[in-house]
Every structure is written in C-alpha cells, then in structure tokens.
Amino acid sequence: MKRRYRLLLLAVAVLGLPYYWLVLDNSVSGVPAYRLDIAQLRQAAGAIPGARPDSVTVQVVGWRRVPGTLMVAGGGLKRNLVAVQSFLLHAPGGNIVIDSGFDAAAARSMDMEKFLPAAQAKVDAAIRDARLVLFTHEHLDHMTGLLRMKDFASVAPHVLVTPEQGPGGPLARSLPWPRDTGRLVPRKLAPVQPVAPGVVVVRTPGHTPGSQMIFARLADGSEYLFAGDTASMRRNWSLKRLRSRLLSDYLAPEDRPQVMGWLRAINDLFRQDPGLIVVSGHDYDDLVTDPTKRAFREDFVTRTVIPRPPGSQLQ
Ligand SMILES: [Zn+2]
C-alpha cells in the first residue's frame, strides 16, 4: 500500500506538475502597470477630422478547435473555436481592413481544420479596395493574406506597418514576404496614434514586439477595441488569464508579464466603459453570440466600391 501510495505521488509529480505548469498556471511576476484611458482614446479618435466609420464586418477565413485551456490557461478541456478573422471598417472616406487572413500553406502549417479560399478572396478584394490596411501583429495567420497577394506592390502604399511588423522586424522577418517589398515603408507610431477619422492605433508590445490594438469610434458613437492576440479569446481579458505556457513559453513565445499588463488594462478599460466592444483576436463565438456585438455583421459584404482618395494612405 505504502509503495502504491508513493507510486501515485510520483505519478502526480511526474505528470501533474508539468500539466499544471504548461496548461493551467496563470502566475506571472513583474507585470507592468499599463493603462488604457477611454478619454484619451476618444480624444485621439477625434484628432483626424472627417467622417468616422459607420459599420464593422468580420470575415472568418479558417478555423480549428482546441481545448479551451490552451488559449486560456485553466479554461477547461472543452474544445473552443479558434477562428482566423479579418475585420473591415466601412467608412465614407474609404474602408479600413484590420488583419489580412492567411493562405492554404499557412493554414496547413498551423494545423487548421479548415481554410476557406472563397472567404479569403473576399478579404483580398477588401484589401485592394481599402484606403488603409492595419495589422494587430506580425503572425502568419494575420499577415500572410497580404504577403502572398500577387498584386502586393500596388496594394503596399495603403498598408501601414510599424518597423517591428515590417520585413526587418525581429519576428516579422521570418514571414513569407514577397521578393520585392520596396513600396512598403514601415512607419514608427506614437504609443497612441490616430490613423484615420475615428481610428486609433495603440502600441501594445508583448504577444509580439509589433503587437498593437486598434480602437475605433464609429459615427453612431459605438466603440470597438480590436485586441489581436493580446487577448485571443474573451476570457483572456474578462478573467485576466494568459494563454497556456505551452503556447506562450514554447509554441509561440510571448512576453507573459507584458501580455498580462495589457489584459489588466483591457479589463480596466471595459470597466471605464462597459459599452465598449472588445474584439478578441480569435473568438468568433464571442462576436456572434454576445448580443452587445449587435453592430457585427458576418461576412464582408460587397458594397459600392468607393474610389480611393488619391494619395490618402493616412490623412
Ligand atoms: Zn498571434
């Protein structure tokens, strides 16, 4: 009996501790005290004059389902839908695309269950039509859609990347860039940077060096925060739980203290304004099941093509 007990303890130690450490543990030290201030974001959203976006749509281009605890440490074994998404802000002065989807090769390398070429084609069309293309961060499932476009060179002048997200970025340089990226000129941004009427980029390094969130204040006053993979799932920010160490220390390394700093900041921002629609990077179920996300339409709808104002990458 004693021996069995010892064996059991040994099994718990050998299997249980790594399990706890790799997929349940949410501990982190040295978390920076980041703050997002709703008044500051609103002020920045009003800095560039012009008509603000009037609606937001989402396009899913692929997905897989993984145990919840992978994306939200301690989040249970029930499989959650992890969707690859692109977002489109419809604006009278020209549309804005946030994240560009990916392609079949990237989907395979990321072990996706599904890649939807027809949906990706809609994103491609939206990118061609957009006045501005932004990225939440420099990972395959957010940037490959743009990088593999045959007409990359003609689209590039309307793409805004930071130096970290550009071809020379520490992580971004391993992405599948086209041979000639000459027309893509990375731009250094302020920590809180207005980029279009109603649209603000907030630099939030942690998940990757080039991670940023996009705040959008629409014409009707509704407000969105596109969190990228700083908060891949709603529970990351609502419960202030990191991704599992299996992901954040090994498979897709990130700076856990920084990410936790931003998760706390998002959680606090939501308390400042519970009407804020926080758009988690991969949590499609959250977008379509939460009634407060009423402004979300599924699918990039084909609208009358708005001519791109000449030379208007940024106003
Ligand atoms: Zn990512």
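Is A196 buried or exposed in this predicted model? A196 sits in strand β6 and, with a relative accessibility of 1%, counts as buried. Buried here stands for under 20% relative accessible area, exposed for over 50%, and partly exposed for anything in between (1.4 Å probe, protein chains only). Helices (H or I, at least four residues) and strands (E, at least two) are DSSP runs, numbered from the N terminus.

A few words on ground rules. The model is predicted, so local features need pLDDT of at least 70 and side-chain atom pairs count only at pLDDT 80 or more, while totals for chains, interfaces and linings use all residues. Residues are numbered from 1 along each chain as its sequence is written, and side-chain values use heavy atoms, with hydrogens and water left out.

According to the unreviewed UniProt entry, residues 83–282 carry the annotation "domain: Metallo-beta-lactamase"; UniProt positions are given in the numbering used here, feature names are shortened, and annotations may be inferred rather than shown by experiment. Helix makes up 30% of that span and strand 21%, and its end C-alpha atoms are 5 Å apart.

Now for the metal. The zinc ion takes its protein donors from H137 (NE2), H139 (ND1), H207 (NE2) and D229 (OD), at 2.2 to 2.3 Å. Donors are N, O and S atoms within 2.8 Å of the metal (3.2 Å for Na, K and Ca), and water is not among the atoms, so sites may look incomplete. Along the chain, the spacing of the donors reads H-x1-H-x67-H-x21-D. H137 belongs to the loop between β5 (132–134) and α6 (140–147), and D229 to the loop between β9 (223–228) and α8 (234–238), so the pair ties together parts that are 92 residues apart in sequence. Both H137 and D229 are buried. As for geometry, the angles among the four donor atoms run from 85 to 169°, and the site is irregular. Four donors count as tetrahedral if all angles lie between 85 and 135 degrees; four count as square planar and six as octahedral if opposite donors are over 155 degrees apart and all others between 65 and 115; anything else is irregular.

Next come the empty spaces. On a 1 Å grid over the protein atoms alone, a cavity is a set of points where a 1.4 Å probe fits but cannot get out, whereas a pocket is an open set with protein on both sides within 12 Å along at least five of seven lines; lining residues have an atom within 4 Å of a point. Grid points are joined across faces, edges and corners, and a volume is the space filled by probe spheres set on the points. Searching the whole structure turns up one cavity of 30 Å³ or more, and the largest cavity holds about 40 Å³. Its lining includes Q85, F87, D99, T136 and H142. At least two lining residues come from each of β2 (79–90), β9 and β10 (277–280), with β9 giving the most, three residues. By type, the cavity lining has four nonpolar, six polar and one charged residue. Ala, Val, Leu, Ile, Met, Phe, Trp, Tyr, Cys and Pro count as nonpolar, Asp, Glu, Lys and Arg as charged, and the others, Gly among them, as polar.

The largest pocket has a volume of about 400 Å³. Of the 21 residues lining this pocket, R64, M110, R243, L247 and A252 lie nearest its centre. Two or more lining residues come from each of β1 (55–67), α3 (68–71), α6 and α9 (245–251). The pocket lining splits into 12 nonpolar, four polar and five charged residues.

D99, one of the cavity-lining residues, also has an unusual backbone entry to its name: a positive phi near 70° in a residue other than glycine. D99 lies in the loop between β3 (96–98) and α4 (104–109) and is buried at 2% relative accessibility. K240 is not a glycine either, yet its phi is positive at about 55°. K240 is placed in the loop between α8 and α9 and is partly exposed, with a relative accessible area of 32%.

Some pairs round off the picture. R173, in the loop between α7 (152–155) and β6 (192–196), is exposed at 52% relative accessible area. From R173 to E138 the C-alpha to C-alpha distance is 9.2 Å, with their positions 35 residues apart in sequence. A196 and K114 are 82 residues apart in sequence and 34 Å apart, C-alpha to C-alpha.
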